[in-house]
Amino acid sequence: MIKAIKGTKDLLPADNPRWRFLEETVRRIFENFNYREIRTPIFEETALFARSIGEETDIVSKEMYTFTDKGGTSITLKPEMTAGVVRAYVEHSLGSQHPVTKLYYISPMFRQERPQAGRFRQFHQFGAEAIGSSSPVLDGEIIQTAYDILKALGLQDLTVKINSLGVPADRENYKQLLRNYLNDKKDKLTEDSRKRFDKNILRIFDSKAESDQELIKNAPMLIDHINDESKNDFEVVKEYLSKVNIPFEVDPKLVRGLDYYTKTTFEIISGKVGSQSALCGGGRYDLLIEQLGGKPTPGVGFAAGMERILLACENENSFTVDEPAIDVYIIRIDKELGLEVSAIASQLRRKNFTVDYDYLQRSVKAQMREANKLNAKYTLFIGGDEYKNGMINLKNMETGEQTNLPINDLSRVIDNLKA
Ligand code: AMP
């Protein structure tokens, strides 16, 4: 038997009410902040991701689903959304319509990582990109949208961590400082971190190994070596968060893996999802748009992992959704009335009621059981003597009340359903 691919997951009917509640919350809150939805293709030219995310990152070096299509083009399934959104922003000159373009998305993503709790190969993210302003107010706003969505889902155990990476020149100078600091400790680093030392030294801070953490504990921190503009902007972000009542921690070790970040970075952590605890992460990327062929344009954004958020919601029991229910289940008393039942169902469905009935010629008892299983608010009985007299019987399943109504005037049934 063929099974779903490792690291992918079917979202079954029983799962989807929670997913839909999440998606509706995401849309409502982004739209309150006047972010508009963007949908980009599932796949892009590989070069887009290589150029924006950076060759040295785990995503590009190890995790992308890349293949050559029949035309010989190297294609990659999107591992994240910012690159595609920025490509679309430049390609369609979105900036010429609104000087600040605020976009949001909900989309599947693909990364060939080792599957584990909270880590999948196809997973889903929602997120936002605000392009066209370097104002740190927008950094604050972006963090707020993420936080407000998580709060609206009822999550309590959240920590907002923020940091500033300064501008690239700050980072280059700092990398040298860090290299000098770690140079004589290099042999004690784990193998992974030794590789990072050469390729992407900042990422040593992401190491989970305690021995690495011990070695970098007293290292110089980037936040102490950023320029004045970055410092001022960071102060504004902090003030913004305080004004909108968002508690936060400054975490100087929060450097994030992607090359295109500048100034503000942030993550929101849940205390309820185990080791993969980051629900979302993002920050400012003032150089990316130029890097992808646009005019120099600042931007800021974030991405949030939806599987992980739903896991946190489950573990905190943070929201409940209504059991699915239908309006009417039609019960056929006489077997030969099958098409009559279909005709009534179709009239009610066209009036926007959720209606179902039996397709298996089952007994009245079996149909009643099915009506209960489907949580029907009403059952409509068709057949027997009543039917011969031109009547049908509508039963309110909650109160047990039954009403006889003429079959040739369904508006009476509809009035009852609406009441
Ligand atoms: P990133 O784009 O790596 O900054 O990830 C943003 C968020 O997406 C993370 O905080 C996670 O919640 C989620 N995420 C990233 N990778 C995965 C994955 N492989 N499976 C599930 N969620 C993920």
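The questions and answers below go through the strands, helices and ligand surroundings of this structure.

This is a predicted model, in which local features need pLDDT of at least 70 and side-chain atom pairs count only at pLDDT 80 or more, while totals for chains, interfaces and linings use all residues. Residues are numbered from 1 along each chain as its sequence is written, and side-chain values use heavy atoms, with hydrogens and water left out.

Q: In the open sheet of 8 strands, which strands stand at the edges?
A: Helices (H or I, at least four residues) and strands (E, at least two) are DSSP runs numbered from the N terminus, and two strands pair if DSSP finds at least two bridges between them. The sheet of 8 strands is open, its pairing is mixed, and its order is β1-β5-β6-β11-β10-β9-β7-β8. The strands that pair on one side only are the edge strands, β1 (36–37) and β8 (249–250).

Q: Which residue in β11 is the bridge partner of C280?
A: Strand β10 covers residues 278–284 and strand β11 covers residues 299–305, and the two run antiparallel with 5 bridges joining them. In β11, the residue bridged to C280 is A304.

Q: Why is one side of β13 and of β16 left without a neighbour in the sheet?
A: The open sheet of 5 strands has mixed pairing and follows the order β13-β12-β14-β15-β16. Because β13 (355–357) and β16 (402–406) stand at the edges, one side of each has no neighbour in the sheet, and each has a single partner strand.

Q: At about what angle to β12 does helix α13 run?
A: Strand β12 (residues 326–332) and strand β14 (residues 376–382) run parallel and are joined by 6 bridges, with I326 having A376 as its bridge partner in β14. Helix α13 (residues 364–373) lies across both strands, where contact means heavy atoms within 4.5 Å, and its direction relative to β12 is about 175°.

Q: Which residue in the hairpin of β15 and β16 takes a positive phi?
A: Strand β15 (residues 391–396) pairs with β16 in the antiparallel sense over 5 bridges, and in β16 the bridge partner of L394 is T403. The hairpin has 5 residues between the strands, and the residue with a positive phi, near 80°, is G400.

Q: Which residue in the turn between β3 and β4 has a positive phi?
A: Strand β4 (residues 74–77) pairs with strand β2 (residues 43–45) in the antiparallel sense over 3 bridges. Strand β3 (residues 66–68) also pairs with β4 in the antiparallel sense over 3 bridges, and T66 has T76 as its bridge partner in β4. The hairpin of β3 and β4 has 5 residues between the strands, and the turn residue with a positive phi of about 85° is G72.

Q: Are α2 and α4 roughly parallel or roughly perpendicular to each other?
A: Axes are lines fitted to C-alpha atoms, for helices over the stretch in contact, and angles run from 0 to 180 degrees between N-to-C directions; under 35 degrees counts as roughly parallel, over 145 as roughly antiparallel, 65 to 115 as roughly perpendicular and the rest as oblique. Helix α2 (residues 46–53) and helix α4 (residues 82–91) pack at about 105°, with axes 9 Å apart, and L48, F49 and S52 in α2 meet A83, G84 and R87 in α4. The two helices are therefore roughly perpendicular.

Q: How far from a nitrogen atom of the ligand is an N or O atom in the side chain of E113?
A: The ligand is surrounded by 14 residues, of which the closest are R111, E113, F120, R256 and A278, a residue being near if one of its heavy atoms lies within 4 Å. A backbone N or O atom of F120 lies 2.8 Å from a nitrogen atom of the ligand. For the side chain of E113, the distance from an N or O atom to a ligand nitrogen atom is 2.6 Å.

How values were computed:
A polar contact is a pair of N or O atoms within 3.5 Å; within protein, one must be able to donate a hydrogen and the other to accept it, and residues adjacent in sequence count only if both atoms are side-chain atoms.
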